[in-house]
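Look at the charged side chains in the structure shown here, and ask how many salt bridges a search of the whole structure finds. Keep that question in mind while reading on.

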Amino acid sequence: MMLWKEMPMEMGNGTTVQEFTLEGFPAIQHLGKVLFLVHLLAYLASITGNAVIVTITCADSRLQTPMYFFLSTFSFFECCFISAVIPKLLVIFLLGRQTISFLACFIQAFVFVYLGAAGFLLIAVMSVDRYMAICKPLHYPTIMNLKTCFLLVTACCVLAFILITGPLVMVSQLSFCGPHVIPHFFCDLDPLIHLSCSNTRSVEMLAFVIALLILLTSLIITIIAYSNIVVTIVRLPSAKERQKAFSTCSSHLIVLSLMYGSCVFIYVKPKQRNRLNSNREAALVNTVVTPLLNPVIYTLRNKQVQQALKEKMCRLKISR
């Protein structure tokens with residue numbers, strides 16, 4: 001709890017600032033109820049899709065393989081990730097309540113950044129898993145056992161925590177002298193850094209370096225893995241098998257391009273003061289669009305998952 005020792009911060013005129021104001025989307029705030037409905041439906045669809053993946057993977061023994069273990073973990077991360085952001089956005093759209101306390105703001109920033117970092121590290125692990133399954137099928141069962149999978153997921157979580165804790169602690173120790181309006185729809189590190197009246201050069205550079213490290217490392221591993229997968233697919237003797245494999249890979253790559261593209265645009269820039277407004281639109285990609293697409297692209301199109309869902313539904317009907 002020492003992290004929050006200096007909160008609330010004092011403004012230059014001696015008054016105490018106890019909260020931030022999330023600006024949201026002021027240009028379209030008059031459409032609040034329509035935007036609330038659209039984002040509520042997207043949020044519920046995302047939560048439902050990802051929760052179905054987690055549930056069906058745990059319930060069906062045929063899906064308890066490394067690939068589905070990673071996918072269900074990723075789906076769990078996605079549920080937590082969007083739940084850290086979207087409920088507050090819904091409140092802003094419906095009720096216009098834009099204030100958020102210092103403590104709530106930094107908790108939101110921590111959860112968002114931590115799960116985002118862990119998610120990108122997990123994507124790299126999932127790419128390596130697919131590479132091993134397709135390109136090294138004989139070694140795959142030996143290498144990717146349950147213990148290895150658990151250790152890889154744990155490593156992603158621990159490494160993400162280690163990497164993002166430093167910048168978050170540094171930001172929490174900054175002075176905020178006003179204004180305290182965050183030009184975003186949730187608390188993220190960069191808008192908070194730019195609201196501070198302290199010298200932010202060191203924390204801004206640290207945040208940039210860590211974002212660069214996480215995103216580019218994950219991206220390079222993913223590109224190398226999928227490049228090898230494509231080479232292996234090209235060598236498949238059956239045209240039908242090649243077409244099916246390319247269809248699956250292309251769907252994965254579209255979603256990955258959206259995720260990496262939006263995050264690189266937001267975070268991998270040393271100077272961001274003139275681009276915070278455009279960051280809001282880019283952030284919607286990762287908080288609304290990709291969580292909605294991921295369950296469909298990665299899992300729900302899969303015949304094994306479809307079969308497991310059908311059998312589960314049939315058993316539920318019979319039990320009634």
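The paragraphs below take the salt bridges one at a time.

This is a predicted model, in which local features need pLDDT of at least 70 and side-chain atom pairs count only at pLDDT 80 or more, while totals for chains, interfaces and linings use all residues. Residues are numbered from 1 along each chain as its sequence is written, and side-chain values use heavy atoms, with hydrogens and water left out.

Side chains of opposite charge can pair when their charged atoms come close. A search of the whole structure finds 3 salt bridges, a salt bridge being a side-chain nitrogen of Lys or Arg within 4 Å of a carboxyl oxygen of Asp or Glu.

One of them joins the side chains of Arg-280 and Glu-23, at 2.9 Å from N to O. Arg-280 belongs to helix H10 (residues 276-300), whereas Glu-23 sits in the loop between strand S3 (19-22) and helix H1 (32-59), so this pair ties together parts that are 257 residues apart in sequence. Helices (H or I, at least four residues) and strands (E, at least two) are DSSP runs, numbered from the N terminus. Arg-280 is buried, at 6% relative accessible area, and Glu-23 is partly exposed, at 25%; buried means under 20%, exposed over 50%, and partly exposed in between (1.4 Å probe, protein chains only).

Another salt bridge links the side chains of Arg-62 and Asp-60, with 2.9 Å from N to O. Here Arg-62 is partly exposed, with a relative accessible area of 42%, and Asp-60 is buried, with 7%.

A further salt bridge is formed by the side chains of Asp-129 and Arg-130, with 3.1 Å from N to O. Asp-129 is buried at 1% relative accessibility, and Arg-130 is buried with a relative accessible area of 19%.
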